[in-house]
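Visitor: Could you walk me through this structure? I would like to discuss the ligand, the empty spaces and a few backbone details.

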Amino acid sequence: MTILVTGGAGYIGSHTVVELINSGYDIVIVDNFSNSHPEVIKRLEAITQQSITYYNVDILDKESLRQVFTEHQISAVIHFAAHKAVGESVSNPLKYYHNNVEGTVSLLAVMDEFNVKRIVFSSSATVYGFNNQSPLSEDLPTNEANNPYGYTKIVNEQILTDMTIADPEWSVVLLRYFNPIGAHASGTIGEDPSGIPSNLMPYITQVAVGKLEQVNVFGNDYDTPDGTGVRDYIHVVDLARGHVKAVDQALNESKLAVYNLGTGQGYSVLDLINTFSEVNEIEIPHEITDRRPGDVAVCYADPTKAREELGWVAEKTLADMCQDSWKWQQNNPQGYQAGNMNG
Ligand code: UD1
């Protein structure tokens, strides 16, 4: 059975490709490499010991997408391809609505033409916005995001919901990710942000490797145990395995379903910095600075529904996440750019 993975060269997409192949699926990647590197394909081939079929195609380009659907018998799609920089979405909202919303509409139109009606969508805990209290469960209202990036996720969830209403043959699984970190155990694929990272873990690893001087801790006056922000960090391999369970379900049942993919456990910024230091035996210089506008104090999942309905639970610990992120960064201090791995 062949699964089309849009954005399959990205951070979460690439880890999901590995787990899909491990579970016996054939895969086809569609990626325009706008925020990923072709080197990922070579790394995936080394990990899986098989050749990876990929197309350098933009999902907005329907004609090229049609070509992919003509050349392969696709059973389902996992749709990762999207821009994801929150700050950029605030300064350039049209870029986000164009790519993330029109891109999905383009993909769904071509899927419909080819009668492929099974899709797993890459959503985010960001859809819960400011007004819901953790633990966050799937039935909470999701009508208010904190930024345009968040709104593209809300709108995409709505579009996909509307598809299932219009045509009950559509099978849709919306996956709301919490904070993915970590990397494949091989240390050969991982998160490779362009420019200065805005997320915490890649910032920590770049401090550890000497590219950045210190971590700025965005506020220690939140209503949390140590005053710093609390998040539900989840190992990207656990997250990837959640996608395999979701695609299994999408193939077996025609329905709309939404699941949180998180551990259910919140950790603070200082917990993450301290755990990273301890397990990797490396100092992480850090300083308390002002809060970052738009941040919530606490965000963690209620992961019950995914456990009960998908039979999925996150298994890896915060220590595993810190070790694997560091292994990836140490082996690839310049990310994929350098081509061959160091060390
Ligand atoms: C961020 C996005 C969210 C997106 C998610 C994807 C923002 C405001 N939110 O989530 O919409 O879905 O990434 O991965 O960008 N922190 C520091 N110093 C840093 C960086 C972060 O103290 O240099 C803190 C933050 O205040 C927060 C925690 O670390 O408490 C995690 O931040 P981050 O990794 O950026 O993730 P989110 O903000 O949760």
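Guide: The following conversation takes up the ligand site, the cavities, a pocket, a sheet and the backbone.

Visitor: What kind of model is it, and how are residues numbered?
Guide: This is a predicted model, in which local features need pLDDT of at least 70 and side-chain atom pairs count only at pLDDT 80 or more, while totals for chains, interfaces and linings use all residues. Residues are numbered from 1 along each chain as its sequence is written, and side-chain values use heavy atoms, with hydrogens and water left out.

Visitor: How many residues surround the ligand, and which are the closest?
Guide: The shell holds 17 residues, and the closest are Leu200, Asn216, Arg231, Arg292 and Asp295. A residue counts as near if one of its heavy atoms lies within 4 Å of the molecule.

Visitor: Which strand gives the most to that shell?
Guide: Strand E8 (residues 215–218) does, with 3 residues. Strands (E, at least two residues) and helices (H or I, at least four) are DSSP runs, numbered from the N terminus.

Visitor: How does the shell divide by class?
Guide: The shell has 7 nonpolar, 7 polar and 3 charged residues. Ala, Val, Leu, Ile, Met, Phe, Trp, Tyr, Cys and Pro count as nonpolar, Asp, Glu, Lys and Arg as charged, and the others, Gly among them, as polar.

Visitor: Where do the ligand's oxygen atoms meet polar backbone atoms?
Guide: A polar backbone atom of Leu200 is 2.8 Å from an oxygen atom of the ligand. For Phe218, a backbone N or O atom also lies 2.8 Å from a ligand oxygen atom.

Visitor: And what about the side chain of Arg231?
Guide: An N or O atom in the side chain of Arg231 is 2.6 Å from an oxygen atom of the ligand. The protein covers 87% of the 740 Å² of accessible area that the ligand has on its own; such areas come from the Shrake-Rupley method with a 1.4 Å probe.

Visitor: Which residue in E12 is the bridge partner of Arg231?
Guide: The partner is Tyr267. Strand E9 (residues 230–231) and E12 run antiparallel and are joined by 2 bridges. Two strands pair if DSSP finds at least two bridges between them.

Visitor: What is the strand order in that sheet?
Guide: The sheet is open, with 3 strands in the order E12-E9-E14 and mixed pairing. Its edge strands, E12 (267–268) and E14 (298–299), each pair on one side only.

Visitor: On to empty space: how many cavities are there?
Guide: A search of the whole structure finds 2 cavities of 30 Å³ or more. On a 1 Å grid over the protein atoms alone, a cavity is a set of points where a 1.4 Å probe fits but cannot get out; a pocket is an open set with protein on both sides within 12 Å along at least five of seven lines, and lining residues have an atom within 4 Å of a point. Grid points are joined across faces, edges and corners, and a volume is the space filled by probe spheres set on the points.

Visitor: What lines the largest cavity?
Guide: Its volume is about 70 Å³, and the lining includes Tyr11, Glu191, Met201 and Trp328. Helix H7 (200–208) and helix H11 (318–331) each supply at least two lining residues.

Visitor: And the second largest cavity, where does the largest share of its lining come from?
Guide: Helix H6 contributes that share, 3 residues. The second largest cavity has about 30 Å³ of space, and its lining divides into 3 nonpolar, 5 polar and 1 charged residues.

Visitor: What is the volume of the second largest pocket?
Guide: It is about 160 Å³. Of the 15 residues lining this pocket, Asp192, Pro193, Lys211, Gln334 and Gly335 lie nearest its centre.

Visitor: Lastly, where is the cis peptide bond?
Guide: It joins Ser134 and Pro135, with omega about 0°. Pro135 lies in the loop between strand E5 (118–124) and H6.

Notes:
Polar contact = N/O pair within 3.5 Å; in protein donor to acceptor, adjacent residues only side chain to side chain.
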